[in-house]
Amino acid sequence: MDVKAWTFVFAGLSFGLYIAIAIWSRARSTKDFYVAGGGVSPLANGMATASDWMSAASFLSMAGMLSFLGYDGSVYLMGATGGFVLLALLLAPYLRKFGRFTVPDFVGERYDSKSARLVAVVCALFISLTYVSGQMRGVGVVFSRFLEVPVETGVVLGMAIVLLYAVLGGMKGITYTQVAQYCILIFAFLVPAIFLSILMTGNPVPQLGFGGMLQGEIGTRIAGGEAISLLAKLNQLHADLGFAPYTSGSKATIDVFAITLALMVGTAGLPHVIVRFYTVRRVRDARLSAGLALLFIAVLYTAAPAIGAFSRVHLLDSVAGARYAAPAASEDSVKAVPEWFRAWEDIGLIAWVDKNADGVIDYRPGRAFGGGTPSFVAPPTDGAGRGAHGERIVANPILEGPNELYVDFDIMVLATPEIAGLPDWVIALVAAGGLAAALSTAAGLLLVISTAISHDLLKRTFLPRISDRQELLAARLAAAGAVCLAGYLGIRPPGFVAEVVAFAFGLAASSFFPVLFLGIFTRRMNRQGAIAGMATGFLFTAGYIVHFKLLDPAANNAAHWWFGISPEGIGVVGMLLHFVVALTVAYLTPPPPAHVQEIVTSIRVPRGATPARHRH
Amino acid sequence: METRESTIQDVASDSGEAPLARAYWRANRLVMLGLLVVWFAVSFGCGILFVKPLNRLQMPGTDFPMGFWFAQIGSVLAFVVLVFAYAGIMNRLDRHFGVSEE
């Protein structure tokens with residue numbers, strides 16, 4: 001069987017499993033639909049939270065980013081995992097004790113205000129919608145690479161699957177499919193990582209092999225008879241080609257600091273992750289499942305930098321200085337590009353411009369051509385679109401610098417099995433893992449969107465008289481609508497989607513995290529402070545990002561940034577502003593009423609019931 | 001008012017929490033603060049602010065520059081330990097103050 005057949009088998013089997021779970025775990029009440037009935041075990045919730053959180057970007061892009069950014073990529077590792085510490089210590093147990101259905105629920109009741117709830121709904125919808133379209137896109141990319149169907153067909157297929165289990169099962173269906181998806185994605189991620197680690201370092205544990213000597217089948221060849229560690233070799237290759245050392249950074253410390261903190265706080269404030277903690281039975285289960293979730297995430301997040309380093313060494317060794325054209329039989333010793341290089345070039349994720357017309361790939365720092373991703377003059381099958389050595393000709397404006405190569409971050413994980421020469425089924429397994437990662441996150445986000453509409457907008461604000469059955473129907477309809485919208489955004493991504501996905505974090509950091517934190521840790525915080533804080537944090541962060549990313553991208557550099565902080569890290573400033581404005585306003589206005597203060601008292605201790613709503 | 005089971009909440013007054021609840025909350029915040037200091041030290045400290053001097057050292061038994069190791073592996077492992085430690089300590093505190101569930 002070839003890769004395509006194996007991918008059909010794995011994708012088909014996993015989809016069949018998700019559908020079976022969907023049918024088995026139909027939601028019968030709004031409580032089932034919103035919080036899976038509230039009785040999920042900590043282990044299941046830990047796995048579900050891990051796959052909920054690990055998106056297509058974690059699975060497909062992160063190892064690639066680390067590979068290209070070296071130390072500078074650490075912000076994503078620390079940011080994502082460090083955020084779970086904040087979530088586990090500062091939010092999860094208290095929100096579990098509060099025990100409602102959505103994040104706007106907490107905001108609305110803690111601050112005793114419909115307006116605060118509505119502001120929270122707007123933030124939740126905005127964060128989740130930007131994020132979900134990226135997931136649908138990820139589904140489409142995996143399909144198009146491995147099953148050779150158009151991206152659109154892939155997106156529609158993915159939509160159909162999510163629609164089925166999210167609409168039928170709500171949180172209940174999502175929880176148990178996420179458990180299955182975690183198992184699939186972690187297996188799919190680790191198998192090639194372990195193989196690669198053995199081949200390059202002789203150590204089956206990637207996290208250790210990463211810091212070891214170059215040994216094993218591929219490692220010995222790359223080391224060329226020298227006893228050298230993988231990281232030392234990597235720094236040496238970087239130095240030879242003029243790249244900054246892999247193990248030290250090139251970004252300003254303040255920016256690294258700000259981006260890491262923004263990602264951490266943003267992770268803690270992502271509504272689709274927070275709501276997972278409503279699904280367990282007790283406060284102590286929330287604490288435990290946060291630990292398990294982070295453990296499950298750490299398995300992938302510590303293997304990713306290893307894959308990044310392995311694939312970087314391999315890329316530099318096999319591609320830099322290689323001849324593009326296949327060598328004639330008489331010149332065996334000439335280094336030619338590996339076969340996977342052409343396969344990815346055909347898909348458009350690798351491009352090469354032979355600036356000095358020597359037929360050799362010169363890989364150096366800097367960009368080969370302008371205009372971002374490559375656009376080719378002709379499809380790969382058309383010989384007219386090929387250059388002197390058979391390479392695809394790009395239509396982008398060619399830049400001055402010495403670099404001739406473009407490699408998309410996203411291919412590193414997908415190409416790993418091919419790089420290591422692993423069997424076809426492993427490649428197909430990685431494809432199924434990528435789909436699992438994208439679908440699990442998409443489902444969690446869709447649930448946030450649908451509950452924000454059916455519960456926060458309808459039941460709690462505009463149509464309080466609807467019955468549980470009607471609310472459940474509304475939730476299902478909203479989920480269906482959200483899936484279609486997400487699919488549309490995945491097929492026709494507005495130009496800015498890729499740019500703003502990272503900012504979902506900035507917005508979560510500047511709008512949600514502070515309002516939740518203050519609601520738990522300060523009794524004095526009131527509705528005026530909360531609304532002013534959320535609005536300030538959201539508007540400031542969104543304004544900064546829109547300015548530098550959309551209105552004036554030319555000025556998006558350190559010389560123009562405030563305090564030297566890039567748009568990726570600006571959520572930290574937004575968060576600080578939120579805190580300052582919220583506290584100032586709160587102390588200038590009357591304290592919250594007694595029944596609200598009682599809620600605060602009760603959520604701080606695990607035992608006892610939280611005071612009922614609508615006491616006024 | 002609905003039924004309240006907790007001993008703490010029984011004595012809670014409108015002005016704030018009862019002494020026992022206050023003590024529990026103080027202990028809770030102390031635990032959090034201690035763990036967050038470690039959280040900050042391993043990531044922002046070892047992984048970012050002091051990464052350059054630490055990179056001159058190597059992790060024993062491996063070829064990792066120490067700062068780089070903290071930034072890419074060590075901090076993540078430390079986070080996992082921190083969250084489990086929090087769960088363990090808090091469960092104990094809950095029992096000590098008689099506020100655990102069931």
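**Two chains, one shared core**

With 11 C-beta neighbours inside 10 Å, Phe563(A) counts as exposed. In this predicted model, Phe563(A) sits in the loop that runs between helix H20 (527-551) and helix H21 (571-588) of chain A. Its backbone also deserves a look: phi of Phe563(A) is near 55°, a positive value in a residue other than glycine. For context, most residues other than glycine have a negative phi.

Asp112(A) offers a companion case, again with a positive phi, of about 50°, and again not a glycine. This residue belongs to the loop between helix H6 (103-110) and helix H7 (114-146) of chain A, and the positive phi comes just after H6(A). Its surroundings are those of a buried residue, because 20 other C-beta atoms lie within 10 Å of Asp112(A). The helix before it is enclosed as well: eight of the eight residues of H6(A) are buried, so the rest of the structure largely encloses this helix. Among these buried residues of H6(A) are Val103(A), Pro104(A), Phe106(A) and Val107(A), and the list also includes Asp105(A), Glu109(A) and Arg110(A).

Turning to chain A as a whole, the fold contains 22 helices and two strands. Its radius of gyration is 25 Å, close to the 25 Å that the globule rule gives for 616 residues, so chain A is as compact as a globular protein of that length. Along the principal axes, the C-alpha atoms of chain A fill a box of roughly 90 × 55 × 45 Å. Of the 616 residues in chain A, 60% are buried. Contacts that span the sequence are well represented: among those in chain A between residues at least 6 apart, 78% join residues at least 24 apart.

The domain assignment divides chain A into domain 1 (3-315 + 424-497) and domain 2 (350-407). Their C-alpha centres lie 33 Å apart. What, then, do these two domains share in the interior? The largest nonpolar core has 247 residues, and those with the most contacts inside it are Ile297(A), Leu446(A) and Val83(B). Helix H8 (residues 151-201) of chain A gives the most to this core, with 23 residues. Domain 1 and domain 2 of chain A both give residues to the core, so it lies between them. A second, separate core of five residues includes Val605(A), Ala21(B), Tyr24(B) and Phe97(B).

Ile297(A) gives a local view of the packing in the largest core. Leaving aside residues up to four places away in sequence, Ile297(A) touches Ala50(A), Trp53(A), Met54(A), Thr81(A) and Phe84(A).

Ser454(A) provides another local view, this time from helix H17 (residues 424-462) of chain A. Ser454(A) counts as buried because it has 28 C-beta neighbours inside 10 Å. With residues up to four places away in sequence again set aside, its contacts are Lys459(A), Glu471(A), Ala474(A), Ala475(A) and Ala478(A). How far from Ser454(A) is Trp562(A), in sequence and in space? The two are 108 residues apart in sequence and 40 Å apart in space, C-alpha to C-alpha.

The contact between the chains takes 45 residues from chain A and 48 residues from chain B. On the side of chain A that touches chain B, the elements giving two or more residues are helix H5 (74-98), helix H11 (230-241), helix H12 (253-268), helix H14 (283-318) and helix H22 (594-603). H14(A) gives the most to this side, with twelve residues. By residue class, this side of chain A divides into 24 nonpolar, 16 polar and five charged.

Finally, a word on confidence. The model scores ipTM 0.90 and pTM 0.90. For chain B the mean pLDDT is 83, and 83% of its residues reach 70 or more. Within chain B, confidence is highest in helix H4 (residues 66-96), at a mean of 94, and lowest in helix H1 (residues 7-10), at 43. Over residues 1-15 of chain B the pLDDT is below 50, although this stretch has 27 contacts in the model beyond near neighbours in sequence. Where pLDDT is low, the predicted coordinates should not be read in detail.

Notes. Residues are numbered from 1 along each chain as its sequence is written. Chains are lettered from A and ligands numbered from 1 in the order in which they are written. This is a predicted model: local features need pLDDT of at least 70, side-chain atom pairs count only at pLDDT 80 or more; totals for chains, interfaces and linings use all residues. A nonpolar core is a set of buried Ala, Val, Leu, Ile, Met, Phe, Trp, Tyr and Cys residues joined through C-beta atoms within 7 Å. A residue is buried if 20 or more other C-beta atoms lie within 10 Å of its own, exposed if 12 or fewer, and partly exposed in between; C-beta atoms are placed from the backbone. Helices (H or I, at least four residues) and strands (E, at least two) are DSSP runs, numbered from the N terminus. Domain bounds come from an automatic or database domain assignment. Two residues are in contact if their C-beta atoms, placed from the backbone, lie within 7 Å. Ala, Val, Leu, Ile, Met, Phe, Trp, Tyr, Cys and Pro count as nonpolar, Asp, Glu, Lys and Arg as charged, and the others, Gly among them, as polar. The radius of gyration is taken over C-alpha atoms; the globule rule is 2.2 Å times the number of residues to the power 0.38. pLDDT is the predictor's confidence in each residue, from 0 to 100.
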